[in-house]
Amino acid sequence: MAAFLTDQDVAQRVLDHIANRTTDTGEALWREPVRHYLCPRRFTDEVETVLRRYPTPFCPSAALPEAGSYLARTAAGIPLVVVRGDDGVVRGFRNACRHRGAQVASGRGCARAFRCGYHGWTYRLDGALQHLPHEAGFPGLDKGQHGLSAVPVEEKAGLIFVTQEEDAIVGDMDDLPELFTARQQLFDSSEYTLDLNWKVFLESFLEGYHIKPAHPETFFPFGFDNLNVVETAGRNARITFPFQRIAQLKDVAPEQRKVDGLLTYVYHLFPNVLIAVLSHHTTMVVLEPVAVDATRVISYSVTNNALEGEASLEKARNDKAFVSTTGQSEDIALAKSIQASLHSGANAFFTFGRYEKLPGHFHRNLQALLDQR
Ligand code: FES
Ligand SMILES: [Fe+2]
C-alpha cells in the first residue's frame, strides 16, 4: 500500500514549491497545554496507556542478522530482549530471569542460549527454561512454567516491533514502506540521556519551519527556508527536507529523477521513533522516556547500501558525524532552552502553526489514545 508519495512525486512537489515559493501546510493549528510536558501523572499515562500498548519499533531487522542475534534494551521503562531464533523468527521477552529477576542479556550480540549470571538458570532462544543448576533444590518446580516472559513481536517493514501489553492498540504498520533491508548493515549504535521531556525533543525533528533561524550555518546553507513536503499515514508521518541541489532535477525527465543525496526523509513512527534517511546512512532514533524531564536517546545507524568496502562505511560515518555534531547539537540546545522555561508560567499552551503540522498530528493522536482510556 502506497501511503507515502513516490520519490518522483516528492521531487515534483519540491520543485513546485521552489518555483512557487510555497511549502506544505497543515489546516488546523494545535494548542498543546504546557502542563502536559511537566506533569508526572501525565507522563505515567503516556508510558502505561500508550507506549506499552502500542506496537513500537524496537530496532532495525538488520540489527539481528542471524540465528542467535539478540539486542537488549529498556523500552517504555521495561527491560526487554529480542532475539532471532534458529527458525529465523524474532521473539521478544521481558529481560528478567524467572528465578529472582536478574537480567539474562545485555547489549547486543549473538548467543546460543541466555544464561543468567546470578545462579546460572539457562534459557533457550525461544525462551524455554532449559537448565537450572542443582535442580534438586527446587522440588516440584515446573520448568515449563518458568520460561522467559514473552512479549508480542512482529517483524515488518525492515523493523522489529514490540508490544508489551495484552490489550494492545492496533498500530499503523501496514502503511509503512520497507524502511530497512537485510542488505543494510548496522555500523553504529549509541545511547545517551538528555534532561528533556521526550516530546520536546521529538518536536524538533518534525518541522522545517525552524531550519533557517536555528541552523543558519549547518543545515540551512544546504537547504531552504521553510520548504518541506509533509505527509501522514495513519499516526505515522514523513517530512522531507530538500537540499538546494535538488533544483538540478528540473532538467531531468520526471520518471528518471533519483533523489539520493538530494533530500533527507525523516519518518516519525508513532509514538517515539524517528528514522532519518540521509545520503549515506539511515539512523533510527528511539526517544525512550525515562522521567517527565529525562529521555534516553538510543540510535541505530545502518549503511544505506550493502557495504562495498571501507569507503562506503567511511562515508556513512562522516555523514553521521556531521549531522550529530552540528545540526543535532543545535536542536538539543534549543530543546534544553524550552525545557528550562516550561515552569516559567509564560505559556499555558504552545501553539503549533500551519508549518508545524506534524507536531500537531502527533499530539492529536496521542491525546485521542489517552482519551480512550
Ligand atoms: S536470578 Fe537468575 S538464576 Fe538466580
Ligand atoms: Fe533542527
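Which side chains meet in a salt bridge at 4.0 Å, N to O? In this predicted model, the two are those of Glu32 and Arg42, and they make a convenient place to begin the tour.

**Stop 1: the salt bridges around helix α2**

Select Glu32 and Arg42 together and display their side chains as sticks. Glu32 belongs to strand β1 and Arg42 to helix α2, so the pair ties together parts that are ten residues apart in sequence. Both Glu32 and Arg42 are buried, and for Arg42 the relative accessibility is 9%.

Keep Arg42 selected and add Glu46, which forms a second salt bridge with Arg42, with the closest N and O atoms 2.9 Å apart. Here both partners, Glu46 and Arg42, lie in helix α2 itself, four residues apart, or about one turn of the helix. Glu46 has a relative accessible area of 1% and is therefore buried. To complete the picture, add Lys199, since salt bridges that share partners join Glu32, Arg42, Glu46 and Lys199 into one network.

Now widen the selection to the whole of α2, residues 40-51, in which the buried residues are Arg42, Phe43, Glu46, Val47, Thr49, Val50 and Leu51. If the surrounding elements are coloured separately, one can see what covers these buried residues: the cover includes β1 (30-33), β2 (56-60), α3 (198-203), β18 (281-291) and α7 (357-371).

**Stop 2: helix α1 and its salt bridge**

A search of the whole structure finds 16 salt bridges, and another of them can be shown by selecting Arg13 and Asp24, whose closest N and O atoms are 2.5 Å apart. Arg13 lies in helix α1, whereas Asp24 lies in the loop between α1 and β1, so that this pair ties together parts that are eleven residues apart in sequence. Are the two partners buried or partly exposed? Arg13 is partly exposed, its relative accessible area being 30%, while Asp24, at 11% relative accessibility, counts as buried.

Next, select α1 as a whole, residues 7-20, and follow the helix to the strands beneath the selection: α1 lies across β14, β15 (236-242) and β16, and runs at about 140° to β14.

**Stop 3: the seven-stranded sheet**

Those strands lead into an open sheet of seven strands, which can be coloured in the order β13-β19-β18-β17-β16-β15-β14 and whose pairing is antiparallel. At the edges stand β13 and β14 (229-233), each with a single partner strand, so one side of each is left without a neighbour in the sheet. From one strand to the next, the twist averages 15°.

Within this sheet, zoom in on β16 (residues 263-269) and β17 (residues 273-277), which run antiparallel and are joined by five bridges. Select Leu269 to find the residue that stands opposite in β17, namely Val273.

**Stop 4: the hairpin of β11 and β12**

Move to strand β11, residues 153-156, which runs antiparallel to β12 and is joined to β12 by four bridges. Lys156 has Leu159 in β12 as its bridge partner. The hairpin formed by these strands has two residues between them, and Ala157 takes a positive phi near 55° there.

From β12 (159-162), continue into the loop that leads to β13 (186-194) and select Asp172, which lies in that loop. Asp172 counts as buried, with 18% relative accessibility. Setting aside residues up to four places away in sequence, the residues that Asp172 touches are Tyr54, Ala233, Gly234, Arg235 and Asn236.

**Stop 5: the iron site**

For the final stop, select the iron ion (ligand 2) and show its protein donors, which are NE2 of His210, NE2 of His215 and two OD atoms of Asp331, at distances of 2.1 to 2.4 Å. Along the chain, these donors follow the spacing H-x4-H-x115-D. How are the four donor atoms arranged around the iron ion? The angles among them run from 58 to 151°, and the site is irregular.

Finally, compare the surroundings of the two histidine donors by switching on the protein surface. His210 is buried, with a relative accessible area of 15%, and His215 is buried as well, its relative accessible area being 0%.

Technical notes: Residues numbered from 1 in each chain as written. Chains lettered and ligands numbered in written order. Predicted model: local features only at pLDDT ≥ 70, side-chain atom pairs only at ≥ 80, totals over all residues. Heavy atoms only, no water. Buried < 20%, exposed > 50% of the residue type's maximum accessible area, 1.4 Å probe, protein only. Contact = heavy atoms within 4.5 Å. Donors = N, O, S within 2.8 Å, 3.2 Å for Na, K, Ca; no water. Tetrahedral: all angles 85-135°; square planar, octahedral: opposite > 155°, others 65-115°. Pairing = 2+ DSSP bridges. Axes fitted to C-alpha atoms, helices over the stretch in contact; angles between N-to-C directions.
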